[in-house]
Amino acid sequence: MSKEITLVFNNEGLRSYIEVDLCAECPRQDDKGCCGFYSPVFYSADLAYLIINKPDLIDRIFSLERLTILDHSVTVNNIPEGRSYYCRFHSRTEGCLLDQPLRESICRHFVCSGIAWEDEEELVDWKNFIKALTDYEINLNQRLSEAMEAQGLTLRDSRRRNLYLERLVQLYRQETEHLPDFISKMPRQETYKLKRTLRFGTDWEL
Ligand code: SF4
Ligand code: SF4
């Protein structure tokens with residue numbers, strides 16, 4: 001069965017994301033799709049963004065059980081369910097409960113292998129954009145982590161976590177005052193349509 005799929009690439013700098021209309025009727029047919037196999041990991045740049053834009057979500061994240069809190073990241077571990085898992089932000093009827101910019105990087109950029117948009121020649125600029133953004137974000141997270149380390153701060157210390165987040169926001173604002181040129185060179189939004197042959201259930205590759 002051949003299907004036309006619409007992808008919308010949104011350039012919102014560090015909060016850029018890809019929308020896929022097929023997700024609403026995911027061929028996996030388990031109401032979870034790729035979200036059934038992932039545990040979101042919030043790194044420094046995500047945490048700083050959330051503190052600035054949605055502080056109650058930070059409170060919610062740290063109040064959850066089954067977290068993996070490392071020095072500079074927090075993983076919201078998924079829960080086993082049937083043959084897969086469920087993400088704590090997922091709803092069977094509404095999909096992800098977080099608005100796109102509030103999601104961590106993998107959740108904002110990931111599109112399953114069944115769609116394989118990176119293979120399309122006309123999408124090479126977006127492929128390069130996502131790659132450059134990923135590299136930039138990894139380096140930014142590294143710099144933020146090192147700066148927090150130098151101040152003797154870690155997310156593991158719950159008593160000083162508020163101080164950690166306060167200092168992190170200051171550093172994040174300084175670091176992101178001027179974003180790299182590759183971001184401003186891409187349009188704010190572009191829509192593409194692809195045709196793919198659908199397979200169903202586990203035959204649809206994540
Ligand atoms: S597996 Fe593909 S179609 Fe299904 S939810 Fe994930 S990205 Fe969307
Ligand atoms: S945070 Fe949202 S997009 Fe990410 S795995 Fe969970 S439900 Fe899916």
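**Briefing: two ligand shells, paired strands and an enclosed helix**

The residues around ligand 1, meaning those whose C-beta atom, placed from the backbone, lies within 6 Å of the ligand, are Val 20, Leu 22, Cys 23, Cys 26, Arg 28, Gly 33, Cys 34, Val 111, Cys 112, Gly 114, Ile 115 and Leu 206. The model is predicted, with local features needing pLDDT of at least 70 and side-chain atom pairs counting only at pLDDT 80 or more, while totals for chains, interfaces and linings use all residues. Residues are numbered from 1 along each chain as its sequence is written, and chains are lettered from A and ligands numbered from 1 in the order in which they are written.

**Ligand surroundings**

- The shell around ligand 1 divides into 9 nonpolar, 2 polar and 1 charged residues, where Ala, Val, Leu, Ile, Met, Phe, Trp, Tyr, Cys and Pro count as nonpolar, Asp, Glu, Lys and Arg as charged, and the others, Gly among them, as polar.
- Around ligand 2 stand Cys 35, Tyr 38, Pro 40, Cys 87, Phe 89, His 90, Cys 96, Leu 98, Arg 103 and Cys 107, and this shell divides into 8 nonpolar, 1 polar and 1 charged residues.

**Strands β1, β2 and β10**

- Strands (E, at least two residues) and helices (H or I, at least four residues) are DSSP runs numbered from the N terminus, and two strands pair if DSSP finds at least two bridges between them.
- Strand β1 (residues 2-10) runs antiparallel to strand β10 (residues 189-197), and 9 bridges join them; within this pairing Leu 7 stands opposite Tyr 192, and Val 8 stands opposite Thr 191.
- Strand β1 also pairs with strand β2 (residues 17-20) in the antiparallel sense, over 4 bridges, and here the bridge partner of Leu 7 is Val 20, a residue that is also listed around ligand 1.
- The hairpin formed by β1 and β2 has 6 residues between the strands, and Gly 13 in its turn has a positive phi of about 60°.
- Of the 9 residues of β10 the number buried is 0, so this strand lies largely in the open; a residue is buried if 20 or more other C-beta atoms lie within 10 Å of its own, exposed if 12 or fewer, and partly exposed in between, with C-beta atoms placed from the backbone.

**The open sheet and the loop before it**

- An open sheet of 3 strands has the order β3-β5-β4, with antiparallel pairing.
- Because β3 (41-42) and β4 (67-69) stand at the edges, each with a single partner strand, one side of each is left without a neighbour in the sheet.
- Strand β3 is joined to strand β5 (residues 74-76) by 2 bridges, and Phe 42 stands opposite Val 74.
- Asp 31 lies in the loop between β2 and β3, and it counts as partly exposed, with 14 C-beta neighbours inside 10 Å.

**Helix α1 and its packing**

- In helix α1, 7 of the 10 residues are buried, so the helix is largely enclosed by the rest of the structure; its buried residues pack against β3, α2 (55-63), α4 (124-150) and α5.
- The axes of α1 (residues 44-53) and α5 (residues 161-175) come within 9 Å and cross at roughly 100°, with axes being lines fitted to C-alpha atoms, for helices over the stretch in contact, and angles running from 0 to 180 degrees between N-to-C directions.
- Ser 44, Ala 45, Leu 47, Ala 48, Ile 51 and Ile 52 in α1 meet Leu 165, Leu 168, Val 169 and Tyr 172 in α5, contact meaning C-beta atoms, placed from the backbone, within 7 Å.
- By class, this contact of α1 with α5 has 9 nonpolar, 1 polar and no charged residues.

Definitions and conventions: Contact = placed C-beta atoms within 7 Å.
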